[in-house]
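Please find below some notes on the model you sent round. They are set out as numbered points for ease of reply.

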Amino acid sequence: MTVFHFFNCAILTFGPHAVYYSATPLSEYDTLGTSVKAALVYLGTALVKELLKALIGFIDVAGLYFALTQLTHRNISQNHKFQAVGLGWAFADSVLHRLAPLWVGARGLEFTWDYLLQGLEANANLVLSISLAALGSLMWLRKNKPKTLIPIIYACAGIVATMPSITSYLRRGLGWQFPKVVGFELFTSLVMAFISWQLFSACQRPSA
């Protein structure tokens, strides 16, 4: 029954394309090659769009680079600097994206889990922001870090930077419900925080 249902849905989805090609003069003029080429161009365009969506996350990296390296910090250590930057970054994100929905929706008389989940999501974002700031601190401010850790630092920073694109794909592409996405964000934030802490600790040790 499952396979039969699949074939029914597949015919409903893709059948009209074949019917249109056969029922119109397109089939008489052998335009199938043109359609195939157009399909390939579309796939290439879709790939570029997905890459651009992923690159949006790296705008945060550029912003954090400016905050960590160009802003004036009064006599604070590197340990405190990245935490302060990550904290301010996450707080501004929460104000920009969550304050208005909370003010409008959470003041209602009817209880809903959505705003509690938004709060948990903000906590995950706080952890991820501090983790990214810690990794950025290692990339741009720590000069004597072990060379063997450099690829791991950059890879982890790339993962954290693309988290918005990943969660967007989980919601829209895979159809994950909001509670499941928040659970994934919380789990991922704790994992990345642990890895970032281990990397930062390793880079703090004096080299042999």
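The points below cover the fold, two helices, the cysteines, the salt bridge and the pockets.

1. Status and overall make-up. This is a predicted model, and the remarks here should be taken in that light. The protein chain contains 7 helices and 0 strands, and the order of elements from the N terminus is α-α-α-α-α-α-α. Of the 208 residues in the chain, 29% are buried.

2. Helix α5. The 12 residues of α5 should span 16 Å at 1.5 Å a residue, and the end C-alpha atoms are 16 Å apart, which agrees. The buried residues of α5 are Ile153, Cys156, Ala157, Gly158, Val160 and Ala161. When reading that list, recall that an α-helix has 3.6 residues a turn, so residues three or four places apart point the same way.

3. Helix α7. This helix, residues 178–204, has 27 residues and reaches 38 Å from its first C-alpha to its last, close to the 39 Å expected at 1.5 Å a residue. Its buried residues are Val181, Val182, Glu185, Thr188, Ser189, Met192, Ser196, Leu199, Phe200, Ala202 and Cys203. A charged residue, Glu185, is thus listed among the buried positions of α7.

4. Cysteines. How many disulfides does the structure hold? The count is 0. Two cysteines can be placed by burial: Cys156 has a relative accessible area of 8% and is buried, and Cys203 is also buried, at 2% relative accessibility. Cys156 belongs to the buried set of α5, while Cys203 belongs to that of α7.

5. Salt bridge. A search of the whole structure finds 1 salt bridge. Its partners are Glu121 and Arg171, with the closest N and O atoms 2.6 Å apart. Glu121 lies in helix α4 and Arg171 in helix α6, so the pair ties together parts that are 50 residues apart in sequence. Are the two partners buried or exposed? Glu121 counts as buried because its relative accessibility is 12%, under the 20% cut-off. Arg171, at 35%, is partly exposed.

6. Largest pocket. The volume of the largest pocket is about 900 Å³. It is lined by 29 residues, and those closest to the centre are Met163, Pro164, Ser165, Thr167 and Ser168. Elements that give two or more residues to this lining are α2 (32–69), α3 (78–105), α4 (114–140), α5 (150–161) and α6 (163–173). The largest share, 9 residues, is from α6. By class, the lining has 12 nonpolar, 8 polar and 9 charged residues.

7. Second largest pocket. About 190 Å³ of space lies in the second largest pocket. Its lining consists of Phe82, Gln83, Leu126, Val127, Ile130, Ser131, Ala134, Ala193, Ser196, Trp197 and Phe200. The elements that give two or more residues to this lining are α3, α4 and α7, and α4 supplies the largest share, 5 residues. The lining divides into 8 nonpolar, 3 polar and no charged residues. Ser196 and Phe200, both in this lining, are also among the buried residues of α7.

8. Points to keep together. Helix α4 recurs in these notes: it holds Glu121 of the salt bridge, gives residues to the lining of the largest pocket, and has the largest share in the lining of the second largest pocket. Helix α6 holds Arg171 and has the largest share in the lining of the largest pocket.

Note on methods
Residues numbered from 1 in each chain as written. Predicted model: local features only at pLDDT ≥ 70, side-chain atom pairs only at ≥ 80, totals over all residues. Heavy atoms only, no water. 1 Å grid on protein atoms, 1.4 Å probe; cavity = no way out; pocket = protein on both sides within 12 Å on 5 of 7 lines; lining within 4 Å. Points joined across faces, edges and corners; volume = space filled by probe spheres on them. Helix = DSSP H or I, 4+ residues; strand = E, 2+ residues; numbered from the N terminus. Disulfide = S-S within 2.5 Å. Buried < 20%, exposed > 50% of the residue type's maximum accessible area, 1.4 Å probe, protein only. Expected span 1.5 Å × (residues − 1). Salt bridge = Lys/Arg side-chain N within 4 Å of Asp/Glu carboxyl O.
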